[in-house]
Amino acid sequence: MTDSMNGLSDKLRMLGVQIGVQNLPNTQTKPLRRGVESIFPDGEWINTPVGDVFSLIHKYPLTYSQGISSLIPPSHITPFKRWMKIDLPENQYVPEKFLFLDAETSGLSGGTGTFAFLLGLGYFNAEEFHVQQLFFRNPVDEPGLLRVMEDIVARYETFVTFNGKAFDIPLLRTRCVLNQFPDYFVDKKHIDLLRAARRLWNKRLASKSLSMLENEILHFHRTQDEVPGWMVPEIYFDYLHNQDAQPLQGVFYHNEMDIVSMAALFKLINDFLNDPLSTPEIPGMDLAEAAQIFHEINDTDTAISLYRKSIDQELPQPFLIQTLDKFARLYRNQGEMEKALELWKLAASCDQINACIELAKYHEHKTKDISAALHWTEQAALFIGKPQYLTPNPPRSIIKKEIDYRYNRLNKKAGKKENI
Amino acid sequence: MSVENLLSDWKRNPLIKDDIAYSHDAPLREAQYSDFPDEIHPALVGALHSISIENLYSHQLASWRFIKNGKNVVISSGTASGKTLCYNLPIVDSLLQEIETTALYIFPTKALAQDQRNQMSILLERVQKQLNPASMQYVFPAIYDGDTSASARQAMRTNNRVLFTNPDMLHIGILPHHSGWNQFFRNLKFIVIDELHIYRGIFGAHVANVLRRLSRIMDFYGAKPQYILTSATTANPLEHATALCNRKFELISEDGSPHGKKHFLFINPPVIDPQLNIRRSALHETIALGGEILSHGLQCVAFTRARKTVEILLTEMRSTYPEFAALIHGYRSGYLPAERRAIEQQLKNNTAKFVCATNALELGVDIGGLDSVCMVGYPGSISSVRQQAGRAGRRMNSSLAILVATGSPLDQYLIRHPEFIFEKSPEHARIDPDNLLILLHHLQCAAFENPFREGEAFGNAPVELIHSLLNVLSESGVLYSSRNRFTYTSSQYPANEISLRSATTDTIVLQENFEGQKRQIIGTVDALSALSMVHPQAIYSHEGETYQVEHLDLDNKVAHLNHTQSDYYTQPIHQMTINIQENLKTEPVPAGKKGYSELVVNDQITGYKMIRWLSHEVIGTNELTLPANLLQTVGYWVAIDDTVVQRLSDEGLWKNNQNNYGRLWDEIRNCVRRRDSFTCQMCGAIESDRPHHVHHKIPFRNFQNPDEANRLENLVTLCPACHRRAESVVKMRSGLSGLRYLLHQLAPLFLMCDISDLGAHSDPVGIEGPMVMIYDQVPAGIGLSEELYSLHNELLQGALELVENCECQDGCPSCVGPPGELGSGGKLETLALLKQLVSPK
């Protein structure tokens, strides 16, 4: 530090400024200690005119198991495609055109100052699944990484990511703009597995993070090499300053596992959706969520079978009630009123206000049994008074109004009947 | 009933006419029209015709010409002069002629941005109607601020050609994500910045740096937009614009818009306590005038400085004039937006007759023209006076603007200088964008937005300074320096670290202790003022409630308070020392030297006084042990030459006319001389032919009652020579004190700042001699005291004039400060000093 800079630093300190990390080691004099090529001897340097990129490829046989799932691509993805509304033409599912992607970045808040220093790319190649990792040792080399990536991406049509819609892809597109590259993501399709996970395991899992899914769904646990995501930026900054690539091992492992788990999850989800009734050991809640998915894509037969299978298992409250209700509505929409009623009665016995109201309606309008209708209306009124009643929507006051209105009307009708 | 009727009534009314300190009439002004320029797009002409605009005002045409010639423009015509069309016309024309062009509008508040966006929408709709529908994509002007929803933001980035925003949003939302706006920025041709005069002081320094960052982004996308600024009148609009945007500007100051006859009155409330020279409060004077205005059926907005005063005035007006109560309203921030919109409407359609408002009503929002405006005390800057007065004014009819003075020295000075308002404003708007702290933060934000190259400039900041700061940032790991490039390498989002309105990030949170219940956060206080406002045992007021500070936790930045009903308030006792670190500029001046220096203000709070609310008597003091508040900043000082000090004391220029020290003085005097063995307590000389003098250590006039002043501990025997010397020290201290008070009170007039932005200190034994210092209350300074250094002559001249013209006997709050308090000045001493300091004309 020059004199003037010393003076400046002192001045800043006196003004109470605290910036960054104090007492960083002076890097000017220390020689390169351990470069990435010594930590990852299987990798190679790709030198482009705009920057140097380190490339490391891991090859997995398709039969490799990440927990309970192998990497053999699913035979088709038709229900998944229809559910997620992915615009892939019917008979054009080619696993070799899919690219799994995950980026390790210098920060988690996005914006133009966040860059991706390590890119994990997963793709099917002959009878293997390859994880290719691209890395730069100096931010100045970023254009090199983008160039290499551009060539790779050109071979694929569909990206698969985990939270890539919100994070990875916008970030990479930003990096393209900032480095004056064309946006080569613009015509590609995108499957975000987080979106699928949020639907399928909505109620069952508290967190739908990739590590939670790995543990709970894939039943896979990472080794000691793993570093948590939040530590990644600091590890890279340390590397920049002391040029010791050893700690990067954890980051590379983390990234590699992310890609492999994504491929495994992709397979697991699709295998399940392709044959939901035969897949063994699926928890009841997952069956119920799947039922709703099949209902949405108009495969009502499968939906019904799945609902039935799910309620035969131990479902927790209030999930059970909600499932019974959804199942009942499905039957009603199909015109199968008897079956719907059965379910509503079952739900009513567990305090389901909606069920009571449906039953009241049925008796008022179909069987014309006013006293039965009144009975169910009273049940509904009873339940709504209870504090443990859970209504996400509509709010309690509206339902109460509806119940009161129904009750008064039925009373009048009953009165009339008696007079007759 | 008209304004003229009101005025002639007042000029005849014995209760009011003597309070009129000054009156000024501006005659009815016809519009100066020009034809539409030939090259203007026909659809635009058609649109204007459809809202009954048949031609342009002269300044609107002047603006068009400059802008079409590629110039940057500052427009400082008055309020309600049709400034909006000065920029909207050329911009909309360009939007029509070039299909890709985009424009960015920056307003200081969300309300203003909304108002302007709506005006633009109306214009664009009308233009659209004039066009063949197939020929133009509808241009939808969008607002991007904190209230914009996430989905709307997404759409805005790709589709919009006109964007309305504010500096905070630019800083935190747009610039750090500029890549998402790349189409918009690539085609950016115009940047409109409204209300330039607001961007001064700390806020101005921040915004100047945000604009430097914007400029860098423009360079990155290859855009070269024109800047169009509007401003209220100041002494230096061109200089100010250049300081903010780092570009050359053309100035349009003429105003071709018409207005009816304008009357202006300065009202100085009468003196109600001649001994203390205390005047009737401006508030009560306003209430009296307000009643008159209402009974003449005229509309009025009364501007006050503080939000609290709005409420007090509102309540008092309604209870004094119950027959008009329904027509009297309030308006300030803190009211819901819906309430504010309602009152704006009512003002426009004349159903609200009297509105008590803060300067929230000063800025641009359309309320139509008013019959009258009344300013309760000087609003703090001359441009505010003009803006607020500018709210009064109708096309054809007469209007009235009234300035009611308070007793403060500034107000009293100003009403004697109407030329400051009607002719040349003395106000210089200053921005110092190179304040170290502020610059450092924005450099980090800039590096986040785009890496820095070696040797790259940042606006017009000194290149070596930028270079040094970048290196400091690299050393601390925030930036990574390699191959001439500085890359941002931190996982933090830098724009979150600073607010554009403060110099530091430190605030102390005020938490109320509530037995058993969740702790409530009452508010915050910035770290610099924390020790003085919320020291342990301090009584703190907030929104009408009082609290006592139980514990001040500086490490965790929390103050714990208990709700209390106390009959007293507290005032900290400061012990201040100032150390000059480096003299940046010095120069000799008459009677001494002036300087501008880096200094450290060491403010130690040693205790506090407890003062009863109503009677203001001190009921006790307590000691405190607190860390010193260290403020590293810059200051302007004046030091008095030794020769002058000598001359003042030798020639007895400080005549002490006080001969009456109460009854029993002779006995007391003899008693003291006997106690001291008839020996001078300073030089040891024994009385010979004449009796020695007896000197009051704390001057007699500083006491309320003679017995207190004449206590034996306060008296000491001195020989005549030592007595004269001692008196001169006392007088010097007294004169310096008065000078300090005066300069502190007057400085804001010249600087366009608030008095709290400046600190003041006097020291009879300073390093350069007896001196008075005025310093920036912002770490590393913000340009205020530097400006004072160059305004030294005007400042002292103003001070001298003020004291000479004050009618008080021996000092009062309107000139050198209230008497009876330790450390306040005497009028005579201050006057003597000033006469020496002011250069003879």
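The following legends describe close-up views of a predicted model.

**Figure 1. A salt bridge joins helices α6 and α10 of chain A.** A:Arg199 pairs with A:Glu296, and their closest N and O atoms are 3.3 Å apart. The two residues belong to distant parts of the chain, with A:Arg199 in helix α6 (residues 193-200) and A:Glu296 in helix α10 (residues 284-296), 97 residues apart. A:Arg199 is partly exposed, at 24% relative accessibility. A:Glu296 is also classed as partly exposed, with a relative accessible area of 43%. In the whole structure, a search over all chains finds 42 salt bridges.

**Figure 2. A:Lys339 and A:Glu336 form a salt bridge.** The N to O distance between these side chains is 3.3 Å. A:Lys339 has a relative accessibility of 35% and counts as partly exposed. For A:Glu336 the value is 32%, and this residue likewise counts as partly exposed.

**Figure 3. A network of salt bridges in chain A includes A:Glu364 and A:Arg406.** The side chains of A:Glu364 and A:Arg406 meet in a salt bridge with an N to O distance of 3.6 Å. This pair connects distant parts of the chain: A:Glu364 lies in helix α14 (residues 353-367) and A:Arg406 in helix α16 (residues 396-419), 42 residues apart. Both A:Glu364 and A:Arg406 are buried. The network that links them also contains A:Glu402, A:Arg409 and A:Lys413.

**Figure 4. Chain B contains an open sheet of 7 strands with parallel pairing.** The strand order is β6-β7-β5-β8-β9-β4-β10. At the edges stand β6 (142-143) and β10 (250-252) of chain B; each has a single partner strand, so one side of each is left without a neighbour in the sheet. Within the sheet, strand β4 (residues 73-75) of chain B pairs with strand β9 (residues 226-230) of chain B in the parallel sense, over 3 bridges. In this pairing, B:Val73 of chain B stands opposite B:Ile228 in β9(B).

**Figure 5. Helices α5 and α9 of chain B contact strands of the sheet.** Helix α5 (residues 110-130) of chain B packs on the sheet and touches β5 (102-106), β6 and β7 (162-165) of chain B. The direction of α5 makes about 160° with that of β7(B). Helix α9 (residues 201-221) of chain B lies across β5, β8 (188-193) and β9 of chain B. Relative to β8(B), helix α9 runs at about 175°.

**Figure 6. Chain A and chain B share an interface that buries about 3200 Å².** Of this buried area, 65% is on carbon and sulfur atoms. Chain A contributes 37 residues to the contact and chain B contributes 40 residues. The rule finds 1 salt bridge across the interface of chain A and chain B. The side chains of B:Arg483 and A:Asp141 meet in a salt bridge, with an N to O distance of 3.6 Å. Across the interface there are also 7 residue pairs in polar contact, counted with both residues at pLDDT 80 or more. On the side of chain A that touches chain B, the elements giving two or more residues are α1 (3-14), α5 (164-178) and α8 (232-242) of chain A. Helix α1(A) gives the most to this side, with 7 residues.

Key:
Residues are numbered from 1 along each chain as its sequence is written. Chains are lettered from A and ligands numbered from 1 in the order in which they are written. This is a predicted model: local features need pLDDT of at least 70, side-chain atom pairs count only at pLDDT 80 or more; totals for chains, interfaces and linings use all residues. Side-chain values use heavy atoms; hydrogens and water are left out. A salt bridge is a side-chain nitrogen of Lys or Arg within 4 Å of a carboxyl oxygen of Asp or Glu. Helices (H or I, at least four residues) and strands (E, at least two) are DSSP runs, numbered from the N terminus. Buried means under 20% relative accessible area, exposed over 50%, partly exposed in between (1.4 Å probe, protein chains only). Two strands pair if DSSP finds at least two bridges between them. Contact means heavy atoms within 4.5 Å. Axes are lines fitted to C-alpha atoms, for helices over the stretch in contact, and angles run from 0 to 180 degrees between N-to-C directions. Buried area is the accessible area (1.4 Å probe) that two parts lose on being put together, summed over both. A polar contact is a pair of N or O atoms within 3.5 Å; within protein, one must be able to donate a hydrogen and the other to accept it, and residues adjacent in sequence count only if both atoms are side-chain atoms.
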